[in-house]
Every structure is written in C-alpha cells, then in structure tokens.
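User: I'd like to go through the labels people put on this model and hear what backs each one up. Can you take me through them?

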Amino acid sequence: MSRSPVWHPFTQHALEPAMKRIVRTEGAYLIGEEGAHILDAISSWWVITHGHRHPAIMEAIRSAAETYDQVIFAEYTHAPAEELAKGLIEIAPVGLKHVFYSDSGSTAVEVALKMALGYFNNIGAPRSRICVMEHSYHGDTIGTMSAGERGVFNAAYEPLLFAVDRLPFPEPGREQETLDAFDSICASGRVAALIAEPLVLGAGGMKIYPAVVLAELKRIAERHGTLLIADEVMTGWGRTGSLFACEQAGIAPDILCTSKGLTGGALPLAATLCTAEIFDAHLSVDRRRTFFHSSSYTANPIACAAAVANLAVWNSEPVGERIEALAAKQRRHLQRFGADPRFRNVRQAGTIVALDLSVSAGGYLADVGPRLKRFFRERRLLIRPLGNVIYLMPPYCVTDADLDRAYDAIDEAASAFAAGRL
Ligand SMILES: *Cc1c(COP(=O)(O)O)cnc(C)c1O
C-alpha cells in the first residue's frame, strides 16, 4: 500500500496504526468503510454537540451554499453574520455587545489577547502581561501556546513563546492560594488580562474547579482593572450543563471566546465577544486605533448560516433537557466507579465525565494513554485518554445503551491494566 502524503495532527506516524477511513457520520457515530459504527464518545475532538449531521444544520448549509461562498468581511456584510451576531449577544452573558469572527478556537483566543492589549494601548494606559492558570490549554499557535501549559507539546518552540504569569490550579481545599496569587500578581498594575477556561480545563486533563473560584477571580480582576477572558471554546454550548460555563459562576467576562460547538460542530467558525468598553477603545478617527486583525475566511457565510441554524436548534428543541438527562445518565453510570480503587478523581461537570486510571508514577504513565486508546478502538469506541485520564464528552444524542458500552469498556480496560494485559 502506498504511503499517504497526509500529515495528521497530534499523530506520531512512526507509532500509530494506519488511519481508519471514515465514510459517513451519523448521530453519535463515525461509520467506517466496512460499515463499522464507531461511537464518537469525544464528539470528534469536542466539536459535535447535538450529534453528527443534525438535519436542520445540514439543511442550512445546503441552502446557504445556493446563495453564497466567501464574501470579504471588510466594507461588506451579510445576513448570516448579522443574524448570528445578534443571536449570540442575546444568549451570551450580559455586557458582551460586539462579535468578532474568526475560524478556530486558537484564532478566537489570539483575537481576545489582541483585543485586551489593544484596549489598554488605546486608552493610553498600556499593560502587556497576560495571566494564565496552570494546566490551561488555549490552542496550538505561538500566542495560544504561550498562554497554555508548557511541556513536551511545546518544548521545541519555547524560545518563541512569550512570558506569562501563572496561577496555581485551584486544587480542592487550596483555592485560596490561587486567589491570593492572582491578587498579588495583579498588584503590579501591569496585568492586561487573565485568560481562563471556565470550570473545566480540557486538554490539561479535564481538571474541574468550582464556579465560586471563577466568580472570585472575576471580582479580583475588576478590583485591579484587569480584564477577564473566558475561553469557552470547549466549555460552551452546554458541555458543562449550562449554555456557557460562566453562567454557573454568575459572572460576565469582558471577552468570551467560542468556537467548537458554535456550528454544532458542522463547520469551522469562531467568535470573540467583547464589551462595549473594549470596542469603544478602538473607535476613533485616528486610524492607528483600528483593530488590525482578519482571517481570509472571517465570517464565512455558510459557516455563519450553520451557526444561525444551531441557535435555532437551541431555541426550538429541548436541548437543555437533553443535556440534563445526559448529565443524569453520566452520574448514574459513574457511580459504579465511585469507590473503585482502580480509579482516582472520579469527576463530572455537566455532560463531561473524567476519571484517572490509578497508575504507579513513572515512565509507564507515558504510554498508558496510547494503550488505552488502542483498547477502545478495538471495541469501536472513540475514546482518547489524556495520559491516564479517561474522559467521555459525547454528543447529546448519545443513548444509554451507547454509554453502557463505553462504561463497560472502561471497566474492562481497568481490569486488563491491573492484570498487566493492556
Ligand atoms: C480546542 C481548544 C482551543 C483551540 O481551538 P482550535 O479550534 O483547535 O484552534 C482553545 N481553547 C480551548 C479551551 C480548547 O479546548
């Protein structure tokens, strides 16, 4: 067989088995060439919310493609982008008044960081430090890697990454340390913004912290005139139980990044929402105050139409009830592992569950992830552990029978691991 020229993301081609070809997607499943139905228990890297190919979203895409392709988004606008922006402002935390479009979570975060620095520059009180939380993930571009956790994933690029201030993760019982650290870092008066994933740190290991910590961080930020950027790229669109995770803390960030579930996962699109204050700081007859940012595919009309259709799904279908029901199912299934010594930190935030396979520390940790992944793959389950952290983040259409299969496999995998058979 000839080698494919495709270079896949986060893939060590020297170690991984051949790529499995997917020919169709449907609901909670990826369908392979031989018709194998693979349960997409991680929503194809966290993007699919309602299920693959939701009919209303696919119809909106078909229909928009009859009318538009890409339209330049400077000087010109179009109905899908206008309608989407209005819709987003309506459902977003109060105070977010403007919507800047881009095309991925990483670009949404880059835009947010530039908005924050641009704001302080334009009000004539420059600040340039960015504060982040330990174990964060904000994307894979140079800027977003700078804000994220440093490690093997970005060691080669370290010389290019900018310096940030880091808060310790609010571990249970030690939340005050995080708050105190933030307060003292802000005291320098140089911190433009704190960027944080609200309630759940995703790629950093599905680490969950209480909403009250986020509320306190916001309060401290306000006191120091520091902006809060909520990176809701993963947590948005119901994953943690509420539409946006910020709602559970009862706060409104100054800037909010959304992408993955924005189109229900059907097409790439991102939006960075900000307050009127930040927009107004860029509003001037002095052209130097312009927000100098664009992507070629900014506000792609077909992607915007898909997102408008997604908003309509949220309005017309009982999505909230589905999410509640899924969260309850997950809670029930998780109970079997609650006091199981094979696992640690069994946890849940809305529809997301995670549990750490107990491993004795050391080098083995490095390859338990790939072994688990292979074990699940052989059982037609798309579950990709983060090291020893096994998590499920299924689309909301997943059935109890699907979940049964996933949890049985997790149980089996833990037994195989304990018996040295994984
Ligand atoms: C996935 C993710 C990103 C990056 O999004 P991309 O679309 O992959 O660029 C940023 N922030 C968080 C919290 C994410 O989970």
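Analyst: Sure, let's begin at the ligand: a polar side-chain atom of K260 lies 2.7 Å from one of the ligand's oxygen atoms. Before going on: this is a predicted model, where local features need pLDDT of at least 70 and side-chain atom pairs count only at pLDDT 80 or more, while totals for chains, interfaces and linings use all residues. Residues are numbered from 1 along each chain as its sequence is written, and side-chain values use heavy atoms, with hydrogens and water left out.

User: What makes the K260 pair a polar contact?

Analyst: A polar contact is a pair of N or O atoms within 3.5 Å (within protein, one must be able to donate a hydrogen and the other to accept it, and residues adjacent in sequence count only if both atoms are side-chain atoms). K260 sits at 2.7 Å, so it qualifies. S106 passes too, with a side-chain N or O atom 2.7 Å from a ligand oxygen. G105 uses its backbone instead: an N or O atom there is 2.8 Å from an oxygen atom of the ligand. As for cover, the ligand taken alone exposes 390 Å², and the protein buries 83% of that; such areas come from the Shrake-Rupley method with a 1.4 Å probe, and for residues only the protein chains shown count as cover.

User: Which residues surround the ligand, and how many of them are charged?

Analyst: Being near means having a heavy atom within 4 Å of the molecule. Around the ligand you find W46, S104, G105, S106, Y137, H138, G139, E197, D231, V233, M234 and K260. The shell splits into 4 nonpolar, 5 polar and 3 charged residues. Here Ala, Val, Leu, Ile, Met, Phe, Trp, Tyr, Cys and Pro count as nonpolar, Asp, Glu, Lys and Arg as charged, and the others, Gly among them, as polar.

User: Why is S43 called buried?

Analyst: Buried means under 20% relative accessible area, exposed over 50%, and partly exposed in between (1.4 Å probe, protein chains only). S43 has 0%, so buried it is. Its place is helix α1, residues 43-46; helices (H or I, at least four residues) and strands (E, at least two) are DSSP runs, numbered from the N terminus. S43 also has a positive phi of about 50° without being a glycine. Most residues other than glycine have a negative phi.

User: What about L199: buried or exposed?

Analyst: L199 has a relative accessible area of 5%, so it counts as buried. L199, no glycine either, has a positive phi of about 70°, and it belongs to the loop between β7 (191-196) and β8 (200-201).

User: What makes P210 partly exposed?

Analyst: P210 has 32%, which falls between the two cut-offs, so "partly exposed" is the right label. P210 is in the loop between β9 (207-208) and α7 (211-224). Y76, at 48%, is partly exposed as well.

User: How do you know that the largest nonpolar core lies between the domains?

Analyst: A nonpolar core is a set of buried Ala, Val, Leu, Ile, Met, Phe, Trp, Tyr and Cys residues joined through side-chain atoms within 4.5 Å. The largest has 64 residues, and L84, Y101 and F376 have the most contacts inside it. Helix α10 (residues 301-316) gives the largest share, 11 residues. Both domain 1 (22-40 + 319-419) and domain 2 (55-316) give residues to this core, so it lies between them; the domain bounds come from an automatic or database domain assignment.

User: And L381, where does it sit?

Analyst: L381 is in strand β15, residues 381-382, and with 3% relative accessible area it is buried. L381 and D40 are 341 residues apart along the chain, yet their C-alpha atoms are separated by 6.6 Å.
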